[in-house]
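Please look over the model below before reading on. The report then takes it piece by piece.

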Protein chains: 2
Amino acid sequence: MRFETSTIKDIAKALGLSTSTVSRALRDRYEISEETKKLVLAYAEKVNYRANPIARSLKERRSYSIGIIVSEIANNFFSQVINGIESIAYDKDYHVIISQSHESYKQEKLNVEHLASRSIDGLLIALSSETQDLDYLRHLYAKGLPIVFFDRVPEDFETHKVIANNFKGAFDATEHLILSGKRTIAHLTNSENLSITKERLAGYKAALIKYHIEFRPELVKYCQHGGMHSAELEEAVKELLPFMPDGIFISSDRLTTGCIMALKKTNPEVAHKIAIAGFTNSNLVELFSPSLTSVKQPAFEMGQVATELLISMIEAKRPVTEFETKVLDTELVKKR
Amino acid sequence: MRFETSTIKDIAKALGLSTSTVSRALRDRYEISEETKKLVLAYAEKVNYRANPIARSLKERRSYSIGIIVSEIANNFFSQVINGIESIAYDKDYHVIISQSHESYKQEKLNVEHLASRSIDGLLIALSSETQDLDYLRHLYAKGLPIVFFDRVPEDFETHKVIANNFKGAFDATEHLILSGKRTIAHLTNSENLSITKERLAGYKAALIKYHIEFRPELVKYCQHGGMHSAELEEAVKELLPFMPDGIFISSDRLTTGCIMALKKTNPEVAHKIAIAGFTNSNLVELFSPSLTSVKQPAFEMGQVATELLISMIEAKRPVTEFETKVLDTELVKKR
DNA sequence: TAAGATAGTGCAATCGCTTGCACATAGAAT
DNA sequence: ATTCTATGTGCAAGCGATTGCACTATCTTA
């Protein structure tokens with residue numbers, strides 16, 4: 001802040017000590033006598049001394065803060081993940097800095113690089129649906145920035161990852177539609193790049209196979225921008241309807257709500273006839289009409305696990321070479 | 001970051017110049033010859049030089065970043081505000097740091113103080129529903145930290161503020177209920193401390209008066225925690241029902257969705273009989289059942305306006321002494 | 001030709017904090 | 001009495017960038 005606060009120098013002057021003694025006393029180092037420590041601590045308390053984190057970051061070349069990149073915080077899934085991240089980070093005395101990519105590769109790169117230059121100690125990132133080129137991340141990673149991916153993870157990047165069991169989530173949702181008698185089940189999904197897209201597609205296919213239902217590629221629609229543009233979504237829905245699906249399995253939060261919205265808007269008469277099962281972490285699903293079956297991801301927990309892994313990397317004495325991919329189970333909440 | 005990047009010193013060494021010359025060249029100062037500037041810029045470009053913002057912050061005692069405090073980002077209203085803030089901030093080369101108070105005074109204070117110590121140049125804040133004591137903010141403000149309040153603003157704090165026209169929004173919503181024939185209109189609202197609570201209550205009362213409907217205090221229920229605890233909300237709803245309201249005007253996003261949820265859960269048979277009008281910025285209202293009339297706040301715009309005011313304060317040459325309270329109109333979206 | 005003006009660059013201090021090393025004092029061991 | 005070991009403190013450098021001031025050429029001008 002541009003306004004004056006008491007510094008270590010002020011304390012030193014007031015107490016007739018050197019700044020080094022004060023610094024060490026505040027950090028509770030063994031070299032300093034108990035007496036001096038008490039003196040310093042008491043005075044620091046009195047003048048409400050706060051160490052300047054900027055100065056400390058500059059000196060120590062770290063900041064006790066971790067960066068987060070999500071596509072958008074307005075998405076319930078991501079805001080829940082963030083809450084999970086915060087719950088662990090604050091506990092371990094880290095602060096978090098949140099950035100949104102808005103599903104744009106350019107914005108994502110810009111934000112990551114800004115975070116890196118602000119000395120974040122580590123990065124938690126869910127890739128944007130546009131992102132294909134990971135070189136900028138590899139570069140930072142090679143220079144020593146710990147990175148943990150969650151939700152949308154790359155295949156060919158050796159580090160910790162935390163994901164939901166997308167295959168099983170998709171399988172369960174699709175199976176549920178089948179078991180409620182649906183046979184023409186469309187699949188509305190995200191950009192093909194994304195890991196989650198592939199895994200969920202695989203789960204969908206597996207369920208069809210199990211029940212001997214033919215997989216029809218024309219029933220699968222990809223949305224490049226993950227439903228950020230409603231036009232894209234309406235177009236996809238419009239293209240799907242001629243095939244007369246009696247069920248749709250949808251592969252992301254935004255797409256799920258967006259699809260129902262599009263259905264209601266463009267074809268209100270069929271909206272209630274098509275059974276919908278989709279990934280969503282909205283806590284408002286109970287209010288939706290038509291109601292739907294939802295696949296909920298353990299968002300909060302994902303945030304927690306990812307943060308624990310990240311902090312373990314940050315605080316590791318020697319370079320980490322063994323990496324884990326944690327897979328957390330989803331929950332199927334059946335339509336009432 | 002703990003990993004090496006090229007610094008101004010490296011450039012200086014490589015080019016046989018001094019760090020001061022390099023610094024000045026990069027900042028395009030008049031003292032440096034065009035030739036040298038070109039040289040430096042070209043080399044900086046080549047080694048992908050990024051000024052270290054930490055070092056700059058330390059030296060300049062500012063950070064080109066602004067802090068944001070909201071109760072929670074999962075709330076659509078706030079995430080839209082944040083998007084508005086970002087749209088202006090990025091444009092003017094500021095970065096934003098988001099923090100959540102989760103409606104807790106303690107958390108709010110902690111976050112604000114941390115932000116201040118990280119040299120934010122200004123603060124945008126919507127108060128938590130618990131907050132009564134503004135001394136810690138006054139203190140920072142007095143020391144020179146520019147602050148702009150939005151949405152939940154204090155009365156006795158001289159600075160810029162940006163709010164929605166809560167009175168009119170509430171009036172319109174209540175009037176709408178009256179005009180659709182409701183006569184026993186309850187009011188479910190937030191903590192009494194909040195400015196928005198008072199203003200919306202006033203609007204509600206004014207509408208009742210206009211249509212000669214008696215104001216009954218027992219029909220007004222306050223939720224201290226703004227609906228963060230579902231028990232609190234269910235309790236409030238339960239207390240309201242014996243009065244047989246035929247309409248409810250609800251004064252916040254979370255309460256609105258929470259109330260419908262509570263109604264559906266505890267009294268599904270009456271849920272559809274009670275007309276609901278409430279403040280909410282959810283972009284999913286169209287999906288809700290029972291449907292409702294909503295008062296939408298111009299969230300994005302609020303963020304923009306607040307940020308413009310804040311940046312004008314930050315960049316003002318002399319202390320600002322004339323303050324504005326901008327009031328933006330809400331929009332009534334009638335139930336279909 | 002000497003003195004002054006101008007342009008271009010470098011020196012060194014500074015922001016607040018951390019830390020390796022040197023130093024001082026005092027008691028223990030020889 | 002001398003050396004050694006603790007113990008407690010201080011000096012000063014350094015993190016990367018900015019900037020007032022001083023300095024050196026080069027060019028004017030009287």
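In which helix is A:L309 found? A:L309 belongs to helix α13 of chain A, residues 299-315. This is a predicted model.

**Two positions, one in each chain**

A:L309 is buried, because 24 other C-beta atoms lie within 10 Å and 20 or more count as buried. Leaving out residues up to four places away in sequence, A:L309 touches A:V148, A:H160, A:V162 and A:E324. A:S129 sits 180 residues from A:L309 along the chain. The C-alpha atoms of that pair are separated by 24 Å.

In chain B, take B:P298. This residue lies in the loop between β10 (293-296) and α13 of chain B. B:P298 has 20 other C-beta atoms within 10 Å, so it is buried. The residues touched by B:P298 are B:A164, B:L328 and B:D329, again not counting residues up to four places away in sequence. B:P298 and B:D93 are 205 residues apart in sequence. Their C-alpha atoms are 24 Å apart in space.

**Two helices of chain B**

The table sets out α5(B) and α11(B).

| Helix | Residues | End-to-end C-alpha distance | Expected at 1.5 Å a residue |
|---|---|---|---|
| α5(B) | 16 residues | 23 Å | 22 Å |
| α11(B) | 14 residues | 20 Å | 20 Å |

For α5(B), the span is close to the expected value. For α11(B), the two values agree.

Which residues of α5(B) are buried? They are B:N76, B:F77, B:F78, B:S79, B:Q80, B:V81, B:I82, B:G84, B:I85, B:E86 and B:A89. Their cover includes the strands β1 (65-70), β2 (95-100), β3 (122-125) and β4 (147-150) of chain B. The helices α11 (253-266) and α13 (299-315) of chain B are also among the covering elements. Just after α5(B), B:D93 takes a positive phi of about 65 degrees.

Helix α11(B) is largely enclosed by the rest of the structure, because 11 of its 14 residues are buried. The buried residues are B:D253, B:R254, B:L255, B:T256, B:T257, B:G258, B:C259, B:I260, B:M261, B:A262 and B:L263. They pack against helices α5, α10 (230-240) and α12 (268-271) of chain B. They also pack against strands β6 (185-189), β8 (247-250) and β9 (275-279) of chain B.

**Nonpolar cores**

The largest nonpolar core has 91 residues. A:F150 and B:F150 have the most contacts inside it. Not counting residues up to four places away in sequence, B:F150 touches B:V81, B:L124, B:A126, B:K161, B:V162, B:I163, B:M302 and B:A306. A second, separate core has 72 residues, including A:L208, B:L233, B:L287 and B:V295.

**How the chains meet**

How many residues does each chain bring to the contact? Chain A gives 37 residues and chain B gives 37 residues. On the chain A side, α4, α5 (76-91), β2 (95-100), α6 (105-117) and α11 (253-266) each supply at least two residues. The largest share, 5 residues, comes from α4(A). By class, this side has 18 nonpolar, 11 polar and 8 charged residues.

The copies meet through the same surface, because 100% of the interface residues of chain A are also interface residues in chain B. Chain A superposes on chain B by a rotation of 180 degrees with 0.0 Å of shift along its axis, at an RMSD of 0.1 Å. The two copies are thus related as by a two-fold rotation axis. Among the residues of chain A, A:F288 comes closest to the rotation axis, with its C-alpha at 2.3 Å.

**Around the DNA**

DNA strand C is surrounded by 27 residues, the closest being A:T7, A:I8, A:S20, B:S20 and B:T21. At least two residues each come from α1 (8-15), α2 (19-26) and α4 (53-60) of chain A, and from α2 (19-26) and α4 (53-60) of chain B. This surface has 8 nonpolar, 11 polar and 8 charged residues.

DNA strand D has 27 residues around it. A:S20, A:T21, B:T7, B:I8 and B:S20 come nearest. Here α2 and α4 of chain A, with α1 (8-15), α2 and α4 of chain B, give two or more residues each. The surface near DNA strand D divides into 8 nonpolar, 11 polar and 8 charged residues.

Conventions:
Residues are numbered from 1 along each chain as its sequence is written. Chains are lettered from A and ligands numbered from 1 in the order in which they are written. This is a predicted model: local features need pLDDT of at least 70, side-chain atom pairs count only at pLDDT 80 or more; totals for chains, interfaces and linings use all residues. A residue is near a molecule or strand if its C-beta atom, placed from the backbone, lies within 6 Å of it. Helices (H or I, at least four residues) and strands (E, at least two) are DSSP runs, numbered from the N terminus. Ala, Val, Leu, Ile, Met, Phe, Trp, Tyr, Cys and Pro count as nonpolar, Asp, Glu, Lys and Arg as charged, and the others, Gly among them, as polar. Two residues are in contact if their C-beta atoms, placed from the backbone, lie within 7 Å. A nonpolar core is a set of buried Ala, Val, Leu, Ile, Met, Phe, Trp, Tyr and Cys residues joined through C-beta atoms within 7 Å. A residue is buried if 20 or more other C-beta atoms lie within 10 Å of its own, exposed if 12 or fewer, and partly exposed in between; C-beta atoms are placed from the backbone. Copies are superposed by least squares on the C-alpha atoms of residues with pLDDT of at least 70 in both. The expected span of a helix is 1.5 Å times one less than its number of residues.
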